[in-house]
Amino acid sequence: MGFCIDTVRGDPPKFAMVKRDNLIVMLECRLTIPWKQSGWAIYFWVNDAKELRQEIIDNGLRRVSEVVDKEYGCIEFKVPLPDNGSLVFGQIISSD
């Protein structure tokens, strides 16, 4: 698909970032780290998390989390998937 590996963390890998052009996708394996949920997550950087969340809801998807502030300088929301994974959409709000 034309993505290249940007970052890999853990041995065996638990987190990775792949990129293509201006798109970075973060992948997280929750089977190998202690999370409240199992499965996996795919993380997308977006320009406006609140606007995207509302657009997704307006298009009929109701299983969407609230937008939350994260300690790593982002706001984000999750869309749970049927297989216990989730899509996470995050917006950088601080460069600290």
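## Charges and core in a predicted model

On the surface, a patch of negative charge is formed by D48, E51, E55 and D58. The model described here is predicted. Within this patch, E55 sits in helix α1, which spans residues 49–58. E55 has a relative accessible area of 43%, so this residue is partly exposed.

The chain has one helix and seven strands. In sequence order they follow the pattern β-β-β-β-α-β-β-β. Of the 96 residues in the chain, 31% are buried.

The largest nonpolar core has nine residues: A49, L52, I56, I57, V64, I75, F77, V79 and F89. Two or more residues of this core come from each of α1 and β6 (74–80). Helix α1 gives the largest share, four residues.

Side chains of opposite charge can pair when their charged atoms come close. The chain has two salt bridges, listed here with the distance between the closest N and O atoms.

| Acidic residue | Basic residue | Closest N and O atoms |
|---|---|---|
| D6 | K19 | 3.6 Å |
| E66 | R53 | 3.3 Å |

In the pair of E66 and R53, E66 lies in the loop between α1 and β5 (68–70) and R53 in helix α1, so the salt bridge ties together parts 13 residues apart in sequence. E66 is exposed because its relative accessibility is 56%, whereas R53 is buried, at 13%.

The salt bridge between D6 and K19 links strand β1 (residues 4–9), which holds D6, to strand β2 (residues 15–20), which holds K19. D6 is partly exposed at 34% relative accessibility, and K19 is partly exposed at 33%.

Notes. Residues numbered from 1 in each chain as written. Predicted model: local features only at pLDDT ≥ 70, side-chain atom pairs only at ≥ 80, totals over all residues. Heavy atoms only, no water. Patch = residues over 30% accessible without salt bridge, like charges linked within 9 Å, V, L, I, M, F, W, Y side chains within 5 Å. Areas by Shrake-Rupley, 256 points an atom, 1.4 Å probe, with all protein chains shown as cover. Salt bridge = Lys/Arg side-chain N within 4 Å of Asp/Glu carboxyl O. Lys, Arg positive; Asp, Glu negative; His and termini not counted. Charge placed at Lys NZ, Arg CZ, Asp CG, Glu CD. Buried < 20%, exposed > 50% of the residue type's maximum accessible area, 1.4 Å probe, protein only. Core = buried A, V, L, I, M, F, W, Y, C linked by side-chain atoms within 4.5 Å.
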